[in-house]
Amino acid sequence: DGNATRANVLEQLGEAFYRTGDAEQGNRMYAEALRVWDGEAARLGSRGSALALAHRGVLLDRLGRRPEAQEAFIRATEATPQSRELFATILAHLVCGPPDANLAEEVFRRAARQTTLTAEWKTYFALWVLAIGARAGAPVSTEAQAVLQEVRAEEGWSGTLAQLELGTLSHEAAVAAASGKGQ
């Protein structure tokens, strides 16, 4: 869709301006992207609207409007509770942006309710929640730890990552189990 593409380009421009030290112009680009997403949220169906809300949350957070961002994120998860992409968008933002351990826990709880969430994504989401909590100085998430305990017996990379995080597999053994640079 043209408007979603425009909003994404504006957001990327905002990021580029921030990286070059022009926070004022970055904020202008974020604000313009937010206006575009506001229009899209009203026009799109529930799945599209939820993704628009997630993007709005990211932009609101970048603009320093954390309470509004949190509300947008929660509304997004309520609108489309079975969208892995939606949960990944929110948690990835919290991993890289200002950490909010409480919000990450809530989003993770909602994601974990999905019956179609694969072991791979459960593992990544749990690891991201643990990283967010560590960055925020929060206590270790017992829910994320429980998911990793559940997934550690899985064959393949998900089980390997869970075992590594739980301390039952060495870093060297995890590297040896990797099948490529991505892993």
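**Exercise 1. Which residues of α5 are buried?**

Solution. Keep in mind as you work that this is a predicted model. Begin by finding the helix: α5 covers residues 84–96. Next, go along the helix and pick out its buried residues, which are Leu86, Phe87, Ala88, Ile90, Leu91, His93 and Leu94.

**Exercise 2. Work out what span α5 should have, and compare it with the model.**

Solution. Helix α5 has 13 residues. The expected span is 1.5 Å times one less than the number of residues, so α5 should span 18 Å. Now look at the ends of the helix: their C-alpha atoms lie 18 Å apart, in agreement with the expected value.

**Exercise 3. Find the place of α5 residues in the largest nonpolar core.**

Solution. This core holds 49 residues, and those touching the most other members are Leu86, Ile90, Leu91, Phe108, Phe125 and Leu148. The largest share of the core, eight residues, is supplied by α3. Compare with your list from the opening exercise: Leu86, Ile90 and Leu91 are among the buried residues of α5. To finish, zoom in on isoleucine 90. Apart from neighbours within four places in sequence, isoleucine 90 contacts Ala54, Phe73, Thr77 and Val107.

**Exercise 4. Describe the largest pocket and its lining.**

Solution. Start with the volume, which is about 210 Å³. Then list the lining: Asn8, Glu11, Gln12, Glu15, His55, Val58, Arg62, Thr89, Ala92, His93, Cys96 and Gly97. Three elements give two or more residues each to this lining, namely α1 (2–19), α3 (46–62) and α5. Sorted by character, the lining has three nonpolar, six polar and three charged residues. You have met one of these residues before: His93 is also on the list of buried residues in α5.

**Exercise 5. Is glutamate 105 buried or exposed, and what does it touch?**

Solution. First locate the residue: glutamate 105 sits in helix α6 (residues 101–112). Its relative accessible area is 15%. Buried means under 20%, so glutamate 105 counts as buried. Setting aside residues up to four places away in sequence, glutamate 105 touches Val129, Ser141 and Glu143.

**Exercise 6. Place glutamate 105 in the second largest pocket.**

Solution. The second largest pocket contains about 150 Å³ of space. Its lining includes Glu105, together with Val129 and Ser141. Both α6 and α7 (119–136) supply at least two lining residues. Overall, this lining divides into eight nonpolar, three polar and one charged.

Conventions
Residues numbered from 1 in each chain as written. Predicted model: local features only at pLDDT ≥ 70, side-chain atom pairs only at ≥ 80, totals over all residues. Heavy atoms only, no water. Helix = DSSP H or I, 4+ residues; strand = E, 2+ residues; numbered from the N terminus. Buried < 20%, exposed > 50% of the residue type's maximum accessible area, 1.4 Å probe, protein only. Contact = heavy atoms within 4.5 Å. 1 Å grid on protein atoms, 1.4 Å probe; cavity = no way out; pocket = protein on both sides within 12 Å on 5 of 7 lines; lining within 4 Å. Points joined across faces, edges and corners; volume = space filled by probe spheres on them. Nonpolar A, V, L, I, M, F, W, Y, C, P; charged D, E, K, R; others polar. Core = buried A, V, L, I, M, F, W, Y, C linked by side-chain atoms within 4.5 Å.
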